Amino acid sequence: FLVLLAAGTLMLDGYVLLGAIVNHTIEEPMRFVFGILEVFFLLSIAVYAFPLVSRFEMRSWNLLILSISLVFRYFGRTLLMVILLTVTVLFLCGLPEFIFMTPGIFVLFLSYPMEKVLGSYLRVSGYEVSADEDAWYLE
């Protein structure tokens, strides 16, 4: 439910902000700035929520709290991943014929900074990852 609520809010805010940018009708600059910050915050939570769901079994509330804490703890990586997501979405808006190829490339590039973030939570005692091994799967 929380994911659907966040997605709906993100789509509505994105639509309002995009309309204001296209029509050059930014009447309230502070509302525009807070709208951009809200979209950034929701995207950054979504960037962490889906990899956490694939790796851990937790309730929605715990997932939300952990995603928010990761956003602030790894803010530089979060900023990089949100920029990568935004560039991917804008690329797909411009060239929709690449819709079957672009998400795979996006997830590949997203996995590099995400590996370092989730690696601290996936430590297995007595397991060392060498440069020759595949560091993404600690099985």
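Here are some notes on this predicted model, taken helix by helix and then over the surface.

1. Ground rules. Local features need pLDDT of at least 70 and side-chain atom pairs count only at pLDDT 80 or more, while totals for chains, interfaces and linings use all residues. Residues are numbered from 1 along each chain as its sequence is written, and side-chain values use heavy atoms, with hydrogens and water left out.

2. Overall layout. The protein has 5 helices and 0 strands, so the order from the N terminus reads α-α-α-α-α. Helices here are DSSP runs of H or I with at least four residues, strands are runs of E with at least two, and both are numbered from the N terminus. Of the 139 residues, 25% count as buried; buried is under 20% relative accessible area, exposed is over 50%, and partly exposed is in between (1.4 Å probe, protein chains only). Take the contacts between residues at least 6 apart in sequence: 60% of them join residues at least 24 apart. A contact means heavy atoms within 4.5 Å.

3. H2, the Phe40 end of the story. Phenylalanine 40 lies in helix H2 and is buried, at 18% relative accessible area. Which residues does phenylalanine 40 contact, leaving aside neighbours within four places in sequence? They are Phe75, Leu79 and Val82. For valine 82, the C-alpha to C-alpha distance from phenylalanine 40 is 7.3 Å, with their places 42 residues apart in sequence.

4. H2 again, at Pro51. Proline 51 is also worth a look: helix H2 (residues 29–55) holds it, and its relative accessible area of 17% makes it buried. Outside the four places on either side in sequence, proline 51 is in contact with Met114 and Leu118. Proline 51 and methionine 114 sit 63 residues apart in sequence, yet their C-alpha atoms are 8.2 Å apart in space.

5. H3 and its buried face. Helix H3 has 14 residues, which should span 20 Å at 1.5 Å a residue, and its end C-alpha atoms are indeed 20 Å apart. (The expected span is 1.5 Å times one less than the number of residues.) Leu63, Ser67, Leu70 and Val71 are the buried residues of H3. Why do they line one face of the helix? Seen down the axis, they fall within an arc of 105°, the arc being that of the directions from the helix axis to the C-beta atoms. As background, an α-helix has 3.6 residues a turn, so residues three or four places apart point the same way. Turned away from the buried side of H3 are the exposed residues Trp61, Phe72 and Arg73.

6. Ser67 close up. Serine 67 belongs to helix H3 (residues 60–73) and has a relative accessible area of 0%, so it is buried. Not counting residues up to four places away in sequence, serine 67 touches Ile45, Tyr48, Ala49 and Leu52.

7. H4, read the same way. With 20 residues, H4 reaches 28 Å from its first C-alpha to its last, close to the 28 Å expected at 1.5 Å a residue. Its buried residues are Thr78, Met81, Val82, Leu85, Thr88 and Leu92. These cover an arc of only 120° around the axis, which puts them on the same side of H4. The face turned away from that buried side carries exposed Gly76, Leu80, Val87, Leu90 and Gly94.

8. Thr88 close up. Is threonine 88, a residue of helix H4, buried or exposed? Threonine 88 counts as buried, at 11% relative accessibility. Past its neighbours within four places in sequence, threonine 88 is in contact with Thr102 and Phe106.

9. The surface. The accessible surface of the protein comes to about 10,100 Å², and 70% of that belongs to carbon and sulfur atoms. Areas come from the Shrake-Rupley method with a 1.4 Å probe; for residues, only the protein chains shown count as cover.

10. The nonpolar patch. Phe91, Leu95, Phe98, Met101, Ile105, Leu108, Phe109 and Tyr112 form a nonpolar surface patch with about 700 Å² of accessible area together. Patch members have over 30% relative accessible area and no salt bridge, with like charges joined within 9 Å and nonpolar side chains (Val, Leu, Ile, Met, Phe, Trp, Tyr) within 5 Å. A salt bridge is a side-chain nitrogen of Lys or Arg within 4 Å of a carboxyl oxygen of Asp or Glu. Helix H5 (residues 102–119) gives the most to the patch, with 4 residues. Methionine 101 is in the loop between H4 (75–94) and H5, and at 45% relative accessibility it counts as partly exposed.
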